[in-house]
Amino acid sequence: MTDFGEILVHIGEFGLFQKLNLFQICFPVFFQPFFLSSLVFIQSDPERHCNTDWILRADPNLTSEEQLNLTVPRQEDGTFSRCRMFVPVDWNISTIRERGLNETTGCQRGWMYHNTMYTATIVTDFDLVCDKAPLVEVIQTVVLAGVIAGSLTFGPLANSFGRKRAMQVSAVILFIFIVTTALCPNVYLYAASQFMVGFGAGGYRVNCIVLATEWIGASRRSWGACLTLLFGSSGQCVLAGVMYLVRNWRLTQFITAIPFAVVVVFIWFIPDSARWLLDRGRTQEAKQLIIKAAAMNKRSVPDSLLDRIAVKENVNREGIKVIFKSPLLTRYFFSLILAWFSLNLTLFSMYFNMGNMGLSIFMTQFMFGAITE
């Protein structure tokens with residue numbers, strides 16, 4: 001059986017076929033950073049006070065300042081409390097002014113936000129402030145757990161059912177749950193939906209690089225991997241501009257869903273990995289793709305080369321277990337896990353704390369995409 005690297009030398013290592021394939025595969029990667037936008041552009045501690053419209057039943061003509069003075073306690077620095085209010089009473093306005101209110105409670109009817117950077121965020125829509133503020137960090141963890149689960153699920157599935165099929169399922173999951181995320185009425189459905197978005201994103205990202213590079217010859221393979229990451233980096237930079245203009249997390253989700261609707265259509269027409277097809281013994285399908293790739297690259301495939309493409313007798317069905325049969329591969333495996341864990345821990349720790357770095361969050365987002373990826 002001929003080596004697939006030799007086949008790529010004859011049909012072109014990085015011709016038109018590979019370039020078009022790489023663009024189609026990387027197109028969704030450009031928009032993947034957008035799915036984290038609702039967790040980054042949040043203004044975690046916006047200016048606010050408890051909703052105390054109950055007092056307007058006693059006097060609907062109160063000014064905002066009078067309403068706050070009568071219903072919201074002040075803190076030691078003289079500012080109005082962001083998390084406490086006076087307990088509502090069924091008194092007339094004269095009695096309230098005369099006696100004043102002393103007993104406090106947590107905000108019972110939500111908050112009123114002002115001087116915010118954004119039109120809407122998950123913090124203001126779901127009231128993730130005061131006692132609920134830690135839920136932001138919980139959701140961030142849930143999303144990354146989804147990414148891990150997707151990577152661990154679709155990695156082995158791609159080996160069994162093909163890189164193309166794994167990417168198709170991931171792309172459909174991404175599209176569906178990006179839309180449902182934008183429509184979530186409460187924080188719990190939002191967290192569940194974001195887990196599934198992370199699940200799809202993890203599955204797609206781990207397989208897109210594999211499928212893209214398996215069609216590229218050894219001399220240009222590193223280019224393919226780097227271009228895949230470059231698409232994600234460019235998406236990070238563009239996200240800064242989109243959020244600066246839009247400033248509404250739900251609208252951003254719908255904007256993200258539009259290109260993924262296109263992806264869900266064309267993802268069914270991308271070619272599968274001929275290398276994987278040969279490895280699984282599906283020789284005729286692999287030959288058809290090889291001939292198609294050669295035609296697009298304006299190359300000819302020698303008949304002698306096609307004749308030497310035979311069914312692989314010993315098809316690997318053990319998956320990842322093969323790695324642990326070799327001490328060298330096992331060391332490489334755990335070294336890469338440690339490296340990727342350290343890298344991603346650093347990157348996401350920075351990313352989710354972008355708003356606390358002292359610069360404009362939009363400029364920080366742009367620099368993050370331009371430098372870190």
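# A guided tour of the chain

Begin with the whole chain in view: its radius of gyration is 27 Å, whereas a compact globule of 373 residues would have one near 21 Å, the radius being taken over C-alpha atoms and the globule rule being 2.2 Å times the number of residues to the power 0.38. This is a predicted model, in which local features need pLDDT of at least 70 and side-chain atom pairs count only at pLDDT 80 or more, while totals for chains, interfaces and linings use all residues. Residues are numbered from 1 along each chain as its sequence is written, and side-chain values use heavy atoms, with hydrogens and water left out.

Turn the model along its principal axes, and the C-alpha atoms fill a box of roughly 100 × 40 × 30 Å. Colour by secondary structure to find 16 helices and four strands; these are DSSP runs numbered from the N terminus, helices being H or I with at least four residues and strands E with at least two. Of the 373 residues, 45% are buried, where buried means under 20% relative accessible area, exposed over 50%, and partly exposed in between, with a 1.4 Å probe and protein chains only. A surface view shows about 19,000 Å² exposed by the chain, 61% of it supplied by carbon and sulfur atoms; accessible areas come from the Shrake-Rupley method with a 1.4 Å probe, and for residues only the protein chains shown count as cover. Among contacts in the chain with a separation of 6 or more, 74% are between residues 24 or more positions apart, a contact meaning heavy atoms within 4.5 Å.

**The disulfides**

Select the cysteines next, where the structure holds two disulfides, each a pair of cysteine sulfur atoms within 2.5 Å. One of them joins C50 to C107, with 1.7 Å from S to S. Here C50 lies in strand β1 and C107 in the loop between β3 (104–106) and β4 (111–113), so the link ties together parts that are 57 residues apart in sequence. The torsion about this S-S bond is about -60 degrees, so the disulfide of C50 and C107 is left-handed, and both C50 and C107 are buried.

Move on to C83 and C130, which form a disulfide with their sulfur atoms 1.9 Å apart. Because C83 lies in the loop between α4 and β2 and C130 in the loop between α6 (122–126) and α7 (135–161), this pair ties together parts that are 47 residues apart in sequence. The link of C83 and C130 is left-handed, with -90 degrees about the S-S bond, and C83 is partly exposed at a relative accessible area of 27%. If the bonded cysteines are numbered in sequence order, the pairing is 1-3, 2-4. C226, by contrast, is in no disulfide, and the nearest cysteine sulfur, that of C26, is 11 Å away; at 52% relative accessibility, C226 counts as exposed.

**The salt bridges**

Now show charged side chains, among which there are five salt bridges, each defined as a side-chain nitrogen of Lys or Arg within 4 Å of a carboxyl oxygen of Asp or Glu. D45 forms one with R82, their closest N and O atoms being 3.1 Å apart. This pair links distant parts of the chain, with D45 in the loop between α3 (37–40) and β1 (48–50) and R82 in the loop between α4 (64–71) and β2 (84–86), 37 residues apart. D45 is partly exposed at 48% relative accessibility, as is R82 at 28%. Add R48 to the selection to see D45, R48 and R82 linked in a network of salt bridges.

Next select R163 and E214, a salt bridge whose closest N and O atoms are 2.9 Å apart. The pair again links distant parts of the chain, with R163 in helix α8 (residues 163–183) and E214 in helix α9 (residues 187–214), 51 residues apart. R163 is buried at 12% relative accessibility, and E214 is buried at 13%.

**An interior residue and a surface patch**

Select T228 in helix α10 (residues 221–246), which is buried with a relative accessible area of 0%. Leaving aside residues up to four places away in sequence, T228 touches L22, C26, V29, C208 and I209.

Finish at L359, M363, F366, M367 and I371, which make a nonpolar surface patch of about 500 Å². Patches are made of residues with over 30% relative accessible area and no salt bridge, like charges being joined within 9 Å and nonpolar side chains (Val, Leu, Ile, Met, Phe, Trp, Tyr) within 5 Å. Within this patch, M363 lies in helix α16 (residues 361–371) and is partly exposed at 46% relative accessibility.
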